[in-house]
Amino acid sequence: MKVIDTANHIAALAAKMAKPAVIAAYPITPQTTVVEKLAQYVENGELNARYVRVESEHSAMAACIGAAATGVRTFTATSSHGLLLMHEMIHWAALARLPIVMVNVNRAIGPGWNIWSDSNDSMGQRDTGWIQIYASSNQEVYDSIIQAYKIAENEEVMLPAMVCYDGFILSHTSMPVEVPEQSKVDEFLPEFKSLWKLDVDKPITHGNIILPDDYMDVRYSMNEAMKRAKKIIAEVGEEYGKKFGRSYGLIEEYMTEDADYVIVATAAIAAEAKEAVKRLRERGKKAGLARLRVFRPMPYELLKYDKMIVIDRAISVGLGGVLYNELRWLGDVYGFIAGLGGKDVSYADIMRIYELAEKGKEGWYGIEVK
Amino acid sequence: MLKEIVFHGRGGQGAVTAANILASAALKDGHKDVQAFPFFGAERRGAPVRAFARISDEEINLRSQIKEPDIVVVLDTGLMDVIDVDSGIKKDGLIIINTNMPPSHFNFRCKVATVDATSIAIEENLMVSGIPVVNTPMVGALAKFLGISIEAVKEAIKERWHGEAGEKNARGAEIAYNMVRT
């Protein structure tokens with residue numbers, strides 16, 4: 001069935017169709033309509049889940065942790081300051097190896113108070129052990145949430161997953177989305193069977209003190225799981241394609257084979273960059289695009305290009321663009337900061353960035369380089 | 001062929017809904033991809049509001065704001081005192097204005113079409129909280145210039161509002177479709 005709706009409503013629909021047993025909800029702009037829609041689904045009986053209205057985002061993640069530890073599927077959604085308030089629990093969820101799925105609607109961090117798109121909120125969580133997927137369209141939001149559960153719950157992975165998309169640019173934009181039948185989703189994503197769970201009849205200790213000799217093993221096993229997640233994400237994306245006709249990888253390449261420079265970006269900027277590449281090609285420039293769909297685990301081994309132009313919507317203050325600094329060791333890489341706080345990034349801007357990189361320039365687009 | 005549309009309205013007039021109905025109608029009419037989105041600022045009843053729509057026969061990869069629209073729709077002429085509604089409009093573009101004045105009354109560097117959507121809304125009782133909601137008539141008028149069938153618009157409206165509300169809004173759209181003049 002084809003529907004037209006906003007990414008937030010589509011995210012709620014995908015979450016509903018994944019059949020979580022527990023949803024923790026605390027509203028924040030621009031995420032609010034995700035949890036509003038889920039409240040409707042629970043209230044009208046379309047979704048049989050426990051909807052927990054918590055008093056903060058820290059509690060939202062705590063509720064998901066508690067519920068997931070009993071071996072059930074969970075969901076929550078947040079943005080910006082909400083995600084930051086969760087930070088302690090974000091780490092906890094990953095270290096406890098709980099396959100929670102969360103939507104983060106990317107929004108800038110204040111002050112100055114700003115509700116528009118910026119990746120600093122979720123990219124600031126990069127070291128927590130969560131898988132991070134960045135969607136570029138409402139269709140991909142739907143598809144990624146369904147896949148996120150299958151990836152996170154895989155026994156070789158068992159890590160939480162975050163599906164991120166731009167505030168307003170996607171969250172409040174209506175686009176057509178192909179929604180599969182519930183029975184097909186059920187086949188792809190059967191009921192979650194946890195390897196272990198908190199069970200009062202079979203008590204186990206969980207989250208107890210761990211001595212220095214063992215703590216490194218915990219971290220090591222987590223890192224190994226994240227490395228294995230690369231393979232699982234690719235397999236799940238391919239299986240999804242066989243079932244639903246839309247395949248996904250860790251990156252999406254567009255005209256990269258003969259490209260002089262490959263643009264690397266995520267989310268909405270990466271979609272816009274496709275238009276820029278088309279137009280650059282019309283002008284005889286050999287431009288290419290590698291849309292980074294998965295930021296954690298970082299699929300750096302797939303980015304085998306001689307020259308890259310990395311466009312960041314996130315800044316590590318005192319270092320530079322987040323993506324740029326993660327990728328600069330891979331070769332000849334030009335970094336541009338653009339679009340912070342929702343500043344519009346059009347294909348014309350990206351074409352200009354390409355031309356600046358050709359001249360060996362890089363930096364803050366629109367401020368340092370124009 | 002990509003068409004980009006900007007709606008200027010006031011909070012409560014339904015500009016955002018208009019963009020959504022247009023997108024839905026365009027998809028029903030066989031266009032391959034559509035988008036409808038608002039500009040979010042400090043929106044509140046009566047304040048200027050902008051909404052945007054894109055219609056294309058190819059996949060739309062654009063995620064940026066619309067700066068050079070093909071068509072601008074003005075739901076409230078009062079806005080023209082404070083906003084340059086023709087800002088960035090293409091040379092062969094069109095401005096559709098909700099007014100009882102003829103197009104010749106307005107002086108823009110592009111074509112103008114007018115339709116008295118407020119009167120249509122009052123006659124068809126398209127009122128919310130005492131305010132005539134002109135969005136569905138304006139979508140009807142707009143459809144004419146985009147080559148979108150009025151049937152698709154009516155269908156999109158009736159999907160959004162069931163029963164009498166859907167019927168009267170669809171009627172309002174059809175009247176505007178027939179009344180709009182250039």
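Helices (H or I, at least four residues) and strands (E, at least two) are runs assigned by DSSP and numbered from the N terminus. The exercises below concern a predicted model.

**Exercise 1. Locate Met255(A) and Ala267(A), and decide for each whether the residue is buried, partly exposed or exposed.**

Step 1. Met255(A) belongs to the loop that runs between E9 and E10 of chain A, and the phi angle of Met255(A) is near 55°, which is a positive value in a residue other than glycine.

Step 2. A residue is buried if 20 or more other C-beta atoms lie within 10 Å of its own, and exposed if 12 or fewer do. Because Met255(A) has 16 C-beta neighbours inside 10 Å, Met255(A) counts as partly exposed.

Step 3. Ala267(A) is part of helix H10 of chain A, and its phi is likewise positive, near 55°, in a residue other than glycine. Ala267(A) has 29 C-beta neighbours inside 10 Å and therefore counts as buried.

Step 4. As background, most residues other than glycine have a negative phi, and most peptide bonds are trans.

**Exercise 2. Find which peptide bonds next to Pro111(A) are cis, and state where Pro111(A) is placed.**

Step 1. The bond leading from Gly110(A) to Pro111(A) is cis, with omega near -10°.

Step 2. The bond leading from Pro111(A) to Gly112(A) is also cis, again with omega near -10°.

Step 3. Pro111(A) is found in the loop between strand E5 (101-106) and H6 of chain A, and Gly112(A) is placed in the loop between E5 and H6 of chain A.

**Exercise 3. Trace the six-stranded sheet of chain A and describe the helices that pack on it.**

Step 1. Six strands make up an open sheet of mixed pairing, and their order is E9-E11-E10-E13-E16-E17 in chain A. At the edges stand strand E9 (251-254) and strand E17 (363-364) of chain A, each of which pairs on one side only.

Step 2. Within the sheet, strand E10 (residues 261-265) and strand E11 (residues 287-292) of chain A run parallel and are joined by five bridges. Here Ala265(A) stands opposite Arg291(A) in E11(A).

Step 3. Helix H12 (residues 347-358) of chain A packs on this sheet, where it touches E10, E11, E13 and strand E16 (332-337) of chain A, and its direction makes about 135° with that of E13(A).

Step 4. Helix H10 (residues 267-282) of chain A lies across E9, E10, E11 and strand E13 (307-312) of chain A, and runs at about 170° to E11(A).

**Exercise 4. Explain why the largest nonpolar core lies between the two domains of chain A.**

Step 1. The largest nonpolar core has 182 residues, and those with the most contacts inside it are Ile145(A), Ile263(A), Val264(A), Ile309(A) and Leu22(B). Its largest share, ten residues, comes from helix H1 (residues 15-28) of chain B.

Step 2. Domain 1 (2-244) and domain 2 (251-364) of chain A both give residues to this core, so it lies between them.

Step 3. To look at one member in detail, Ile263(A) is in contact, leaving aside its neighbours within four places in sequence, with residues including Ala273(A), Val277(A), Leu289(A), Ile309(A), Ile350(A) and Tyr354(A).

**Exercise 5. Describe the contact between domain 1 and domain 2 of chain A, and then that between chain A and chain B.**

Step 1. The centres of domain 1 and domain 2 of chain A, taken over C-alpha atoms, are separated by 27 Å, and 29 residues of domain 1 are in contact with 19 residues of domain 2.

Step 2. On the side of domain 1 that touches domain 2, H9(A) gives the most, with five residues. By class, this side of domain 1 has 16 nonpolar, eight polar and five charged residues.

Step 3. Between the chains, 18 residues of chain A are in contact with 16 residues of chain B. Strand E8 (174-178) and H10 of chain A each supply at least two residues of the side of chain A that touches chain B, and the largest share of that side, five residues, comes from H10(A).

Step 4. The residues on the side of chain A that touches chain B divide into ten nonpolar, four polar and four charged.

Key: Residues numbered from 1 in each chain as written. Chains lettered and ligands numbered in written order. Predicted model: local features only at pLDDT ≥ 70, side-chain atom pairs only at ≥ 80, totals over all residues. Pairing = 2+ DSSP bridges. Contact = placed C-beta atoms within 7 Å. Axes fitted to C-alpha atoms, helices over the stretch in contact; angles between N-to-C directions. Core = buried A, V, L, I, M, F, W, Y, C linked by C-beta atoms within 7 Å. Domains from an automatic or database assignment. Nonpolar A, V, L, I, M, F, W, Y, C, P; charged D, E, K, R; others polar.
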